[in-house]
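Welcome! Below is a short guided tour for someone meeting this structure for the first time. Please take a moment to look it over before reading on.

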Amino acid sequence: MSGQTAVTGEGIRPSHSKGLCPAVKAGDFIFLRGETGRDPVTKEIVGPELKDQARQILTNIATVMKAAGGSLNDIVSATVYLTDIHSAKELNEVWEEFFQDCDPGPARCTVQVTLNGITKVEIQCVAYLKS
């Protein structure tokens with residue numbers, strides 16, 4: 001993987017499988033894995049409520065972005081996977097807490113999917129960091 005480096009750092013939950021990483025820097029772009037609401041210390045989903053999971057996810061994403069030398073302001077695209085599309089309003093409330101100062105905010109696609117266990121939401125992002 002020439003020209004690509006893994007983003008690692010304190011507070012970033014490692015991937016479950018070898019050959020995967022939380023984020024990859026390729027040129028000026030950061031590609032973040034699909035993040036779930038797992039606490040990076042306990043490795044457990046923070047709870048059954050979508051808002052709690054979304055807050056943990058966005059906190060985890062902010063931690064990865066900081067380790068990559070950026071912030072949530074650098075995210076240009078996000079794909080959100082919800083188990084119930086009708087819970088998008090709850091997600092939007094949490095989203096605004098984290099992205100209220102981002103102008104423009106990231107382009108976002110939200111789709112309904114089936115996720116495992118009590119996971120209600122997963123978010124995958126792409127960020128751009130100008131060198």
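A residue is called buried when its relative accessible area is under 20%, exposed when over 50%, and partly exposed in between, using a 1.4 Å probe and protein chains only. This is a predicted model, in which local features need pLDDT of at least 70 and side-chain atom pairs count only at pLDDT 80 or more, while totals for chains, interfaces and linings use all residues. Residues are numbered from 1 along each chain as its sequence is written, and side-chain values use heavy atoms, with hydrogens and water left out.

**The overall picture**

The protein chain has 2 helices and 6 strands. Here helices (H or I, at least four residues) and strands (E, at least two) are DSSP runs, numbered from the N terminus. Along the sequence, the elements follow the pattern β-β-β-α-β-α-β-β. The radius of gyration of the protein chain is 14 Å, close to the 14 Å that the globule rule gives for 131 residues, so the chain is as compact as a globular protein of that length. That radius is taken over C-alpha atoms, and the globule rule is 2.2 Å times the number of residues to the power 0.38.

The C-alpha atoms fill a box of roughly 40 × 35 × 25 Å along the principal axes. Of the 131 residues, 36% count as buried. A contact means heavy atoms within 4.5 Å. Among contacts between residues at least 6 apart in sequence, 67% join residues at least 24 apart.

**The sheet and its helices**

How are the strands ordered in the sheet? The 6 strands form an open sheet in the order S1-S2-S3-S6-S4-S5, with mixed pairing. Strand S1 (4–6) and strand S5 (107–112) stand at the edges with a single partner strand each, so one side of each is left without a neighbour in the sheet. From one strand to the next, the twist averages 15 degrees. Two strands pair if DSSP finds at least two bridges between them.

The table follows the pairings from S1 through to S6.

| Strands | Sense | Bridges | Facing residues |
|---|---|---|---|
| S1 and S2 | antiparallel | 3 bridges | Ala 6 opposite Val 24 |
| S2 and S3 | antiparallel | 4 bridges | Val 24 opposite Phe 31 |
| S3 and S6 | antiparallel | 3 bridges | Phe 31 opposite Val 126 |

S2 and S3 also form a hairpin with 2 residues between them, and Gly 27 in the turn has a positive phi of about 65 degrees.

Now for the helices. Helix H1 (residues 50–67) lies across strand S2 (23–26), S3, strand S4 (75–82) and S6, running at about 25 degrees to S6. Helix H2 (residues 88–99) lies across S4, S5 and S6, at about 155 degrees to S4. For these angles, axes are lines fitted to C-alpha atoms, for helices over the stretch in contact, and angles run from 0 to 180 degrees between N-to-C directions.

**A closer look at strand S3**

In a regular strand the side chains alternate between the two faces of the sheet. S3 shows such alternation: Ile 30 and Leu 32 point to one face and are buried, while Phe 29 and Phe 31 point to the other and are not.

Which residues does Leu 32 touch, not counting those up to four places away in sequence? They are Pro 22, Ala 23, Ile 61, Val 64, Met 65, Gln 124 and Cys 125. Leu 32 has a relative accessible area of 4%, so it is buried. Its bridge partner in the sheet is Ala 23.

On the other face, Phe 29 is partly exposed at 34% relative accessible area, and Phe 31 is partly exposed at 41%.

**Aromatic rings**

Rings of Phe, Tyr and Trp (its six-membered ring) pair if their centres lie within 6.5 Å; planes under 30 degrees apart count as stacked, over 60 as edge-to-face and the rest as tilted. By this rule there are 3 aromatic pairs. Phe 29 and Phe 31 form a tilted pair, 6.1 Å centre to centre with 35 degrees between the planes. Trp 95 and Phe 99 form a stacked pair, at 4.4 Å and 20 degrees. Because they are 4 residues apart in helix H2, Trp 95 and Phe 99 are separated by about one helical turn. Trp 95 and Phe 99 are both buried.

Phe 29, Phe 31 and Tyr 128 form one aromatic cluster. Within the sheet, Phe 29 stands opposite Tyr 128 in S6.
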